[in-house]
Amino acid sequence: MPSDNAAAVSAFVEGAPPGELADVIADVKKLTVNEPRILDSITPAFRKYNEEQLTTVKLPGASKNVLISTYNSLEDGQYYDTESQRSFIFDHQTQKASDVQPYTLDSEHSDLITALLKSLTTHSTEHYPSATTTACPAFPSGHIALLLVSNKYSPQNFWNGRWRSTYLLNPCSPSTTLTGTINVDVHYYEDGNVRLMTTKKIPEMKVEASPALSPVALAAEVVRKIAGVEKAYQEDLNRGFGRLSEGEFKGLRRQLPVTRQKVEWEKIGGYRLGQDIGGGRSR
């Protein structure tokens, strides 16, 4: 049924690995030649993918990327970028931006948002090879969202990866608090198909602040907390990779063939497959 096909295609789109959405779309078109309009029917899946993955795009005439999320979403498919003070229309299927217009952010925390974005951008430049950041008002009312995404694609070496950080700052509580989530997604597909997907929930942290603290000073303290959390998680991942390499992955490989003897590869041409390698009798 068409609805079943649409649900399956939506799942393919929402599960596309980093940097590979165009490849997924191309494959879907080959598999659904009898339903040429099926991609147009799953716009919600494209939107969900782009907003959850913090998809980046360059505005026409711009040199820097901006990102797509639920936090900087406006009405009718429009989004805005805090730093450039621009709004734009984003096509979720082609991942292209258009109709760029001036946009003024209206928030009681405008000065703090500007300071946070500056500090977060400095942090991302120091620690990530390629990153896009933003800061913007968020729900619940009075909260501020801080978003960071770093993509590294190497299709010539058969791997792509993405780091996503999402934080919510509550500067209005009696004690300023910060919560967040870190997502890492790496896909390796040379002679196989291996994908690492991890999620780290950051529990509520108190940020040392006082009414007399300036927006710039508060932003620096918030990003210091973020830097500490991300450094600790990267170190946890490195230790985890070491355990995988020496443990689970190593256990997947048979150390010796069923004969319990190493294969003498220089004599491979002389082996009789069933008897000498498999240990069975020749007939």
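Is R224 buried or exposed in this predicted model? With a relative accessible area of 52%, R224 is exposed, just past the 50% cut-off for that class. Its partner tells another story. R224 forms a salt bridge with E221, with 2.7 Å between the closest N and O atoms, and E221 counts as buried at 16% relative accessibility. Both residues sit in helix α5, which spans residues 215-246, and they are three residues apart, or about one turn of the helix.

Helix α5 also holds E230. This glutamate counts as buried, with a relative accessibility of 2%. As for what lies around E230, its C-alpha atom is 8.1 Å from that of I182, although 48 residues separate the two along the chain.

The E221 pair belongs to a wider set of charged contacts: the structure holds seven salt bridges. One of them joins K48 to E14, and here the closest N and O atoms are 3.6 Å apart. K48 belongs to helix α3 (residues 43-52) and E14 to helix α1 (residues 2-14), so this contact ties together parts of the chain 34 residues apart in sequence. Neither end is fully out in the open or tucked away: K48 is partly exposed, at 39% relative accessible area, and E14 is partly exposed as well, at 34%.

Another salt bridge brings together the side chains of E83 and K64, at 3.1 Å from N to O. This one runs between two loops, with E83 in the stretch between β3 (78-81) and β4 (86-91) and K64 in the stretch between β1 (56-58) and β2 (65-67); the two residues are 19 apart and the pair links distant parts of the chain. E83 is partly exposed, its relative accessible area being 44%, and K64 is partly exposed too, at 47%.

The loop that carries E83 has a backbone feature to look at as well. Q85 lies in this loop between β3 and β4, and its phi is near 55°, a positive value in a residue other than glycine. That goes against the usual run of things, given that most residues other than glycine have a negative phi. Q85 is partly exposed, with 44% relative accessibility. On the other side of β3, in the loop that joins β2 to β3, D76 has a phi near 60°, again positive in a residue other than glycine. D76 counts as exposed, at 74% relative accessibility.

The strands flanking the Q85 loop are part of an open sheet of three strands, in the order β3-β4-β5 and with antiparallel pairing. Here β3 and β5 (96-102) take the edge positions and each has a single partner strand, so one side of each has no neighbour in the sheet. From one strand to the next, the twist averages 30°. Between β3 and β4 there are four bridges, and the two run antiparallel; D81 stands opposite R86 in β4.

Further along comes a hairpin built from β9 and β10, with five residues between the two strands. Strand β9 covers residues 177-188 and strand β10 residues 194-206; they run antiparallel and are joined by eleven bridges. Within this pairing, T181 stands opposite K201 in β10. The turn has its own positive phi, about 55° at D191.

The hairpin strands also contribute to the surface. Y188 and V194 join F158 in a nonpolar surface patch of about 250 Å². F158 comes from elsewhere, namely the loop between β7 (143-154) and β8 (159-170), and counts as partly exposed at 33% relative accessibility.

Back towards the start of the chain, helix α2 (residues 21-31) shows a clear split between its sides. Its buried residues are L21, V24, I25 and V28. These four cover an arc of only 100° around the axis, which puts them on the same side of α2. The face turned away from that buried side carries A22 and K30, which are exposed.

Methods
Residues numbered from 1 in each chain as written. Predicted model: local features only at pLDDT ≥ 70, side-chain atom pairs only at ≥ 80, totals over all residues. Heavy atoms only, no water. Buried < 20%, exposed > 50% of the residue type's maximum accessible area, 1.4 Å probe, protein only. Arc of directions from axis to C-beta. Salt bridge = Lys/Arg side-chain N within 4 Å of Asp/Glu carboxyl O. Patch = residues over 30% accessible without salt bridge, like charges linked within 9 Å, V, L, I, M, F, W, Y side chains within 5 Å. Areas by Shrake-Rupley, 256 points an atom, 1.4 Å probe, with all protein chains shown as cover. Pairing = 2+ DSSP bridges. Axes fitted to C-alpha atoms, helices over the stretch in contact; angles between N-to-C directions.
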